[in-house]
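User: Hey, can you walk me through this one? I'd like to start with a backbone oddity and then wander around.

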Amino acid sequence: MKAIRIEHPGQGYGLAVAEIERPSPAPGEVLIRVAAAGLNRADLAQAMGMYPPPPGAPETLGMEVSGEVAALGDGVRSCEIGDAVCALIPGGGYAEYATASALCVLPVPNGVSVVDAAALPEAHFTVWTNLIDSARLKPGESVLIHGGSSGVGTAAIQLCAARGHRVFTTAGSADKCAACERLGAATAINYRQTDFVEVVRAETEGRGVDVVLDMVGGDYIQRNMSAAAPWGRIANIAYQSGMSATVNFAPMLMKRLSLLATTLRSRTLAEKGAIRDALLRDVWPLIEAGKIKPVIDRLFPLADAQAAHARMASSEHVGKILLTL
Ligand SMILES: NC(=O)c1ccc[n+]([C@@H]2O[C@H](COP(=O)([O-])OP(=O)(O)OC[C@H]3O[C@@H](n4cnc5c(N)ncnc54)[C@H](OP(=O)(O)O)[C@@H]3O)[C@@H](O)[C@H]2O)c1
């Protein structure tokens, strides 16, 4: 089958179509004939040689796909051959076929095309487990979502808005801020021009937000504490501006804050399965009701994976970039 191979991993890596063996599903897995694969920021790090796949995962890039079930491994009862599905996978998505644990497979929601469904798994698994499982976002609470125009951010804004939360978000241009407000953010802050701490404080009568979802790190670690309300929870999913910072922890004590962080890829299948069940119960109905939509920036044919990566590296995108087969 055709798949994308990383040529000379590292700075200036290349992505090219290659022929590799088609995988076959192990017990508990399904084989998916891929219609589309979602790009994730982590794919760029993997191609640069900085984020190796977990043990046992395919070397091929790609952590989420949509398509049609082509074969079932032993013991799989939750889907049937021919079902339209999307799935979170540990790797191998940039290919004609990919295997997925049945625990991480979801139906393509009614009203969403099979291709567009590739935009859903990674973003929604990440948003749910961070905002709901880790940060325990409760009804009526306010939230600050950094990187609102990212794949993860566009999903987070919509989920929070659909569940009635007041959403603050940051993005790097006026156009991106406008896109975030169209998705349901009450206040989108162009972080290149305005200090998000000042805006959040001014618009909450000095109280701050209950939950922060952060992918920036660096100096945001301190500033998130300043923007947080008493008993606030700050969940980090990345530290793009730096893993290290000099921090004054006094606000943690005075405001009784929690700092949280997880990665999805390294979680156990049982944990991922529990997130998948929660998405099916609480998020898929919102998608089917049209309250949450996959936000697609651009589609690229699989053979143009290199150009798709260049688009993500440029950070000009809003939402998800997909490879189609
Ligand atoms: N831990 C996990 O389980 C997990 C799972 C999925 C994703 N992630 C991480 O989450 C992030 C988003 O992933 P993605 O695939 O959705 O990537 P993406 O679409 O490329 O998004 C990256 C975002 O970071 C924003 N950003 C960069 N510097 C910023 C700053 N100083 N302030 C505010 N925003 C800033 C960018 O906004 P501008 O272009 O406007 O600067 C962009 O929207 C990535 O870092 C990824 O590695 C983690």
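Analyst: Sure. Keep in mind that this is a predicted model. Let's begin with Arg 136, which is partly exposed because 14 other C-beta atoms lie within 10 Å of its own, between the 12 or fewer of an exposed residue and the 20 or more of a buried one.

User: Where does Arg 136 lie?

Analyst: Arg 136 lies in the loop that runs between α2 and β8.

User: And what about the phi of Arg 136?

Analyst: Phi is positive there, about 50 degrees, although Arg 136 is not a glycine. For context, most residues other than glycine have a negative phi.

User: Which residue besides glycine has a phi near 65 degrees?

Analyst: That's Trp 231, with a positive phi near 65 degrees. Trp 231 belongs to strand β12.

User: Is Trp 231 buried or exposed, and why?

Analyst: Exposed, because just 11 other C-beta atoms lie within 10 Å and the cut-off for exposed is 12 or fewer.

User: Ok, switching to the ligand. Which residues come nearest?

Analyst: There are 28 residues around the ligand, and Gly 147, Ser 150, Gly 151, Gly 172 and Ala 238 come nearest. The elements that give two or more residues to that shell are α1 (41–47), α2 (121–134), α3 (151–162) and β9 (166–171). The largest share, 3 residues, comes from α3.

User: How many nonpolar, polar and charged residues are in the shell around the ligand?

Analyst: By class, the shell has 10 nonpolar, 15 polar and 3 charged residues.

User: Which domains does the shell draw at least three residues from?

Analyst: Each of domain 1 (2–120 + 265–324) and domain 2 (124–261) supplies at least three.

User: How far apart are the C-alpha centres of domain 1 and domain 2?

Analyst: 26 Å. The contact takes 15 residues from domain 1 and 12 from domain 2. On the side of domain 1 that touches domain 2, helix α8 (residues 269–288) gives the largest share, 6 residues. That side of domain 1 divides into 10 nonpolar, 2 polar and 3 charged residues.

User: Back to β8. Which residues of β8 are buried on each side?

Analyst: Ser 142 and Leu 144 are buried on one side, and Val 143 and Ile 145 are buried on the other, which leaves both faces of β8 covered. In a regular strand the side chains alternate between the two faces of the sheet.

User: How many bridges join β8 to β9?

Analyst: 4 bridges, and the two strands run parallel. Leu 144 stands opposite Phe 168 in β9.

User: Next, helix α6. Which residues of α6 are buried?

Analyst: In α6 (residues 220–227), the buried ones are Tyr 220, Ile 221, Asn 224, Met 225 and Ala 227. They sit on the same side of α6 because they cover an arc of only 165 degrees around the axis.

User: What do the buried residues of α6 pack against?

Analyst: They pack against several elements, among them β8 (142–145), which we just looked at, and α7 (250–255). The others include α5 (196–203), β11 (209–214) and β12 (228–236).

User: Last one, Asp 74. Where is Asp 74 found?

Analyst: Asp 74 is in the loop between β4 (64–72) and β5 (84–88). Asp 74 is exposed, since 9 other C-beta atoms lie within 10 Å.

User: How far is the C-alpha atom of Asp 74 from that of Pro 27?

Analyst: The two C-alpha atoms are separated by 4.4 Å, while the residues are 47 apart along the chain.

Notes:
Residues are numbered from 1 along each chain as its sequence is written. This is a predicted model: local features need pLDDT of at least 70, side-chain atom pairs count only at pLDDT 80 or more; totals for chains, interfaces and linings use all residues. A residue is near a molecule or strand if its C-beta atom, placed from the backbone, lies within 6 Å of it. Ala, Val, Leu, Ile, Met, Phe, Trp, Tyr, Cys and Pro count as nonpolar, Asp, Glu, Lys and Arg as charged, and the others, Gly among them, as polar. Domain bounds come from an automatic or database domain assignment. The arc is that of the directions from the helix axis to the C-beta atoms. Two residues are in contact if their C-beta atoms, placed from the backbone, lie within 7 Å. Two strands pair if DSSP finds at least two bridges between them.
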